[in-house]
Amino acid sequence: MESMKCWECLLKHLAGALSYGKEVMTGHGRGAELDHRIDLIGELVNGEHHAELLEHGLFQRLSALRKDLQLRRGNVTPKDLEVIRRLYLETERRSEGAPIEMHHGQPTPIPTEPHRPGRPNAQPPLFQAAELALAEKPYPAYEKNLDIVFGHVDSLEFFRYAMASIRRFLSNYGKIYVLRSEVDLSEFPDVETVGRTPLDFLRNAAVSEDFLWWEPSMALLRPVDAKQSFPSYSPRGMQGMQDAVKTLREDQQHQGTIVAWDHCKPQPVNKAQYLALMDGIETSFPMTVYFSLKKEPPRISDMTVTAMIDRPICCSMKRQLRECSFVTWNQAGFSSLEPLLRERILNHADEQSKG
């Protein structure tokens, strides 16, 4: 029994639970070939065995999380991942001899996602967490149509799918602009290519006060109202964000963790705020810098609304593509994604134009 009093073992199981939780959120849940809900629950159970002998407060919170997840049939939310991450960090501090954090004489509470009754054997949609968060605290709807601004277009093929999805699925949008293009976009008479930097364009163009920042490797998979747009962040971070990180670290107003906001989904941007916050800043990650300087709370994870195809499609990605409203991709994932995009978006657009 003494061998179970091991802080390092508890840390190992919490790290494993966090990893499996991310896998479940990205599609490896009920109905997938690799269902990692069992692995997640198992890691939490193993962690409970160690925590029970080490720190009763940690044990109670870990046990409450595990029981709540079982009631929800292992349906993981971003809040669950944050709970596990906080438990890991507190366990790490305790293993180094730090006192447990107290709140009104009691251990600092770590809330778990409340159980919501429903069909116990059903796996809720990936985007249910986003729907619940938006229902509990909705973003205000925009009064006017939102224009669309593409930053840099370097693939005609990608841009065709993005445009076809906008025409099929997006409502309440205005004009469409491209800041810079390396390809001929003459087949899109309703798209204006301006050849300007974002700041220069926003200072001098009659673009809507609020607009959607879109990337060519983004498309819609289901109907979306532009007036109901909301920002979404990436808990996974982004590779190559050094210039954004450097900019934010040098800014005296920005403190704390840097959250990634690029390549998540079409993002709503306020023109006046962008001009005020981004003046003099050049970066390959404008949304990350903009929303960070704006101090936008990271409420809606892209893992709950966007299918990210960065490699050949596997079983977990198939579930994302069935249930998410948005899809993003890179060159490595595009070849396996294209048949689905052609079937859902491009062929439908061709039929509409013929009709």
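1. Let's start with α1 and α4. In this predicted model, helix α1 covers residues 7-25 and helix α4 covers residues 78-95, and their axes come within 10 Å, crossing at roughly 165 degrees. Angles over 145 degrees count as roughly antiparallel, and α1 and α4 are therefore roughly antiparallel to each other. The handedness of this crossing is left-handed.

2. For anyone wanting to select the residues of that contact, α1 contributes W7, L10, L11, L14, A15, A17, L18, G21, K22 and M25. From α4 come P78, L81, I84, R85, L87, Y88, T91, E92, R94 and S95. Sorted by class, the contact of α1 with α4 holds 13 nonpolar, three polar and four charged residues.

3. Helix α1 also meets helix α2, which runs over residues 37-54. Here the axes come within 8 Å and the crossing angle is roughly 155 degrees, which makes α1 roughly antiparallel to α2. The crossing of α1 and α2 is left-handed.

4. On the α1 side, the contact with α2 is made by W7, C9, L10, H13, G16, A17, Y20, G21 and V24. The α2 side supplies R37, D39, L40, E43, L44, N46, G47, H50, A51 and L54. By class, the contact of α1 with α2 divides into ten nonpolar, six polar and three charged residues. If you colour both contacts, W7 of α1 will turn up in the contact with α4 and in the one with α2.

5. A loop residue you may like to look at is T77, which sits between α3 (56-71) and α4. Is T77 buried or exposed? Its relative accessible area is 7%; under 20% counts as buried, so T77 is buried. T77 and V24 are 53 residues apart in sequence, while their C-alpha atoms are 9.3 Å apart in space. V24 is one of the α1 residues that touch α2.

6. Now for the strands. Strand β7 (residues 210-214) pairs with β10 in the antiparallel sense, over four bridges. To find the register, look at D210, which stands opposite N270 in β10.

7. Strand β10 spans residues 267-270. Which way do its residues point? Q267 and V269 point one way, P268 and N270 the other way, and all are buried. The general pattern behind this is that side chains in a regular strand alternate between the two faces of the sheet. N270 thus has two entries in this note: it is buried, and it stands opposite D210.

Methods:
Residues are numbered from 1 along each chain as its sequence is written. This is a predicted model: local features need pLDDT of at least 70, side-chain atom pairs count only at pLDDT 80 or more; totals for chains, interfaces and linings use all residues. Side-chain values use heavy atoms; hydrogens and water are left out. Axes are lines fitted to C-alpha atoms, for helices over the stretch in contact, and angles run from 0 to 180 degrees between N-to-C directions. Angles under 35 degrees count as roughly parallel, over 145 as roughly antiparallel, 65 to 115 as roughly perpendicular and the rest as oblique. A crossing is left-handed if the near helix is turned anticlockwise from the far one by less than a right angle, and right-handed if clockwise. Contact means heavy atoms within 4.5 Å. Ala, Val, Leu, Ile, Met, Phe, Trp, Tyr, Cys and Pro count as nonpolar, Asp, Glu, Lys and Arg as charged, and the others, Gly among them, as polar. Buried means under 20% relative accessible area, exposed over 50%, partly exposed in between (1.4 Å probe, protein chains only). Two strands pair if DSSP finds at least two bridges between them.
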